[in-house]
Amino acid sequence: MCLLTLLVWVTTALAGVPHASREDGPLFPEATNGQPFPWNKMRLPQAASPLHYDLLIHPNLTSLDFSGSVKIQVKVHEETNTIVLHSKDLNITKAALLASAEGEGQIVKVLEYPAYQQIALVSDSTVLKKGGVYFIELEFVAKLSENFNGFYKSTYRTREGEERVLASTQFEATSARAAFPCFDEPAFKADFSIRIRRESRHISISNMPKLRTVALPGGLFEDQFDVTVKMSTYLVAFIVCDFLSISKNTEHGVKISVYTIPEKIDQAGFALDAAVRLLDFYDDYFDIPYPLPKQDLAAVPDFQSGAMENWGLTTYRESALLFDPQKSSASNKLGITTIIAHELAHQWFGNLVTMEWWNDLWLKEGFAKFMEFVSVNITNPELQVEDSFLRKCFEAMEVDSLSSSHPVSTPVENPAQIQEMFDDVSYEKGACILHMLREFLTPDHFKSGIVQYLKQYSYQNTVNTHLWESLTTKKHSEDELDIKAMMETWTLQEGFPLITVDVKGRQVRLNQERYLKGEDPSRTSGFLWHVPLTYVTSNSATVHRFLLKNKTDVLYLPEEADWVKFNVDMSGYYIVHYEGSGWDNLITLLKHNHTALSSNDRASLINNVFQLVSVGKLLLDKALDLSLYLSRETEIMPVMQGFSELVPLYKLMEKRDMEALENQMKGYIMHLFRGLIDRQAWTDDGSVSERMLRSYLLLFACVRGHPPCVSTATQLFNKWKESDGNMSLPIDVSHAVFTVGARTEEGWDFLFKKYRESLSTSLKSRIKSALSSSPLTHKLIWMMEQSLEGSLMKTQDLPYVVTSVSNNPKGYKHAWDFLRANWHSLVKKFDLGSHSIAHMITGVTSQYSTREMLEEIQKFFSSLTAETGAELRCIQQALENVEENIRWMDKNLLLLQAWLDKNHPEPAQLDDHFKHAEL
């Protein structure tokens, strides 16, 4: 076969790609060789699309590089002599164009434009005909990635201390192009035939079952996998490793396997059983059989996010998949189950039906987050998953109440913007508005609509409108209920409504406006939602409904009532303000008979009343008056919401050196919950929610220096230490025990030794949290440095370590200094726009409330360039949060002091050892 190198002329290149004329767009950029690059948009042209990829990958886990080849079958939609596709950090060593699969190849010129991560394959002698099918052959080499995206290196240490290397993939959102040249956009679906070359000491796994293994010269083996279903590039996955696995079959005949490093295979059983139950549930619920013969779940030692839904090979952080019955907590059990539920829901929402572009990321992430709760509530009712759903909506509202928020569906173009879409708005808000819609339509109507959506668009790409059309029935049309119009008010505009309720007799006057923190009232005008209101009254537990479409409206109660509670169980994504005596009536109810309302209703009142203080609708006194009832509260959601609203108040004071008021506030919180804390047994007894609440209460009490808690924790820690860590501690209280132990140099060093030795990811996580809570400043700095370096502590955990240290009164200044000093290393390791970077920025700055600190934060971030993060949305969020903290303190500090002087003048009572070194 004779291959000819061809010269490429600029005019030929420009003629090759439709819509790329000199007149109708910006100038063409310059390729790396100095020639004009024949495409000037971030999104790929539509001139050709892939049908099939034949992919061969050969990693070398000694030299930490890989080679590969790909043959892409493409269909041409517009006559062209240029094909533009994605490639990132790959050295293309050969490029050829073939008219048929086995035909003679013609060498084509490769032009590279790294700024858009694109390459152009240009021929000056062959015109690709419209409707024709051609083949592109590319060979390439690259280094294994040193971050957590693309085809990257991961390591672990055996019990004997030997470091072992594996290679794994993480392609979402835009990193398949870093492993092989491809059309790396979700709408370019194709099927894939994958081959992996490896040494005998390794195995390889991929999306599909292995068909055969072929022995090659030099002791190599080639694993050949079955052809995939039609799917997007971001779902391709392969791992070369020395993992072991355990397997079971579902009732529908799908083989489920859990893969992990050999020494942790005994922690895989819980995930395996959960995955079997959940895949069977989804198979039945969606009424669409899972289309692959197997589903692997792999625990990867280095992993940036929680998990990834690659079709047939879902990948996880070890802590998100592995469960040690002797050392994992109730919280771990709930977390692992919901993460598996999330990734398996994606096999339908996201994999089978995929958003057309990343602007509608919520179509898969919001749905997967929502389905966590639907599925686990049925497959594992003992986990009480419904107790944690409301917290997700409150988290979304925290972000969505700022000017820097964005609509659920919002335009994005470059990789950093796409990465930033993986946030609380796409996930949590997406889930909360779906929950609201399900309650509005009824669960049965909602389910039939989404099943129709999945069946109609299987193996296709969708936009928002397709979902709303599927959920609209004939009856909805007859009732003039426009679901599309209703839901677009929730997906195409940012923020959420504040509903003001004014009850006079039977008449209820309603008003809606945007809930927005900040000083610019113009940012609240022009917003209108279709709000599915629900309410109960003192006379009846019956849930009444009313669809508010206008800015104002009036409804009439069946009869006059002592109190009215809107947004029943907080099933709607909005908050409520009660004018007149509305709040006083509800506060009286909570004071005398709080169980007349559900625990979710009580939690929502706690949340709403403090949010209304932030925007000046209520005085702080009213919110604190409501909080007094918490001394009689025992349920996890309202108790945790009470902590969520009250703890940040003294955290603001910690960073202002206001010790007297800070201790007074801490004393008030301890007064509210002391009875509940002192009733906690130091055991693992009770339901999952009771155990999770116990774990938090005892940790809080010990960190606050509550003498009975510190005394018990100290005794337990000393016994545990004397046994060299072999004594069995009650799992749910061990976090509190470790936190007290980490206060001394000797205790800290012993805990770190156990951290290094342990194979339990759950135990390591609790120890790591305790270590970062220590008052030993030099240890906190060392932890952050070691997490960045990555040998003693995993770099994947650095964002958590930095934010934990920033939450520590002895560490917050060092966390801010660390973030600034290592900024360029951090964005290189974790990528611009990633949730990890956002988590660090907002976490480290969230509790500052002085103008001096605001200026310091602004100065640092304004010194960055666009390439190093200056345009990140999370920076705007961080600045807005600090501005809001300043406003809150200016307005409420004296009010808080006066209220505490009147209602709780005593400071916190501390254990002697905590008086001068409190956390």
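Reader: Why is Asn-593 called partly exposed?

Author: The relative accessible area of Asn-593 is 39%, and the term covers whatever falls between buried, under 20%, and exposed, over 50%, with a 1.4 Å probe and protein chains only, so Asn-593 is partly exposed. Asn-593 belongs to helix α12 (residues 582-593), where a helix is a DSSP run of H or I with at least four residues and a strand a run of E with at least two, both numbered from the N terminus. Its C-alpha atom and that of Tyr-629, a residue 36 places away along the chain, are separated by 9.7 Å.

Reader: What kind of model do these values come from?

Author: This is a predicted model, in which local features need pLDDT of at least 70 and side-chain atom pairs count only at pLDDT 80 or more, while totals for chains, interfaces and linings use all residues. Residues are numbered from 1 along each chain as its sequence is written, and side-chain values use heavy atoms, with hydrogens and water left out.

Reader: What makes Glu-199 count as partly exposed?

Author: Glu-199, which lies in strand β11, has 28% relative accessibility, and because this value falls in the intermediate class, Glu-199 counts as partly exposed. Leaving aside neighbours within four places in sequence, Glu-199 is in contact with Thr-62, Gly-219, Leu-220 and Phe-221, contact meaning heavy atoms within 4.5 Å.

Reader: Why are α5 and α15 called roughly parallel to each other?

Author: The axes of helix α5 (residues 386-400) and helix α15 (residues 636-654) cross at roughly 30 degrees and come within 9 Å; axes are lines fitted to C-alpha atoms, for helices over the stretch in contact, and angles run from 0 to 180 degrees between N-to-C directions. Angles under 35 degrees count as roughly parallel, over 145 as roughly antiparallel, 65 to 115 as roughly perpendicular and the rest as oblique, so α5 and α15 are roughly parallel. The contact is made by Asp-387, Leu-390, Arg-391 and Phe-394 of α5 together with Ile-636, Met-637 and Gln-641 of α15.

Reader: What makes two strands such as β23 and β24 a pair, and how many bridges join them?

Author: Two strands pair if DSSP finds at least two bridges between them, and eight bridges join β23 (residues 497-504) to β24 (residues 507-514), so the requirement is met. The two strands run antiparallel, and one of the bridges links Asp-502 to Arg-509 in β24. Both strands belong to an open sheet of four strands, in the order β27-β24-β23-β29, with mixed pairing.

Reader: Why are β27 and β29 called edge strands?

Author: β27 (552-556) and β29 (575-578) each pair on one side only. Across this sheet, neighbouring strands are turned by 25 degrees against each other on average, direction ignored.

Reader: What is the phi of Leu-64, and what kind of value is it in such a residue?

Author: Phi of Leu-64 is near 60 degrees, a positive value in a residue other than glycine. Leu-64 is placed in the loop between β1 (48-60) and β2 (65-76), and its relative accessible area of 22% makes it partly exposed. Asp-569 likewise has phi near 60 degrees, also positive in a residue other than glycine, and lies in the loop between β28 (564-566) and β29; at 33% relative accessibility, Asp-569 counts as partly exposed.

Reader: Which peptide bond is cis, and near what omega?

Author: The bond from Glu-172 to Ala-173 is cis, with omega near 5 degrees, and Ala-173 sits in the loop between β10 (163-170) and β11 (191-199).
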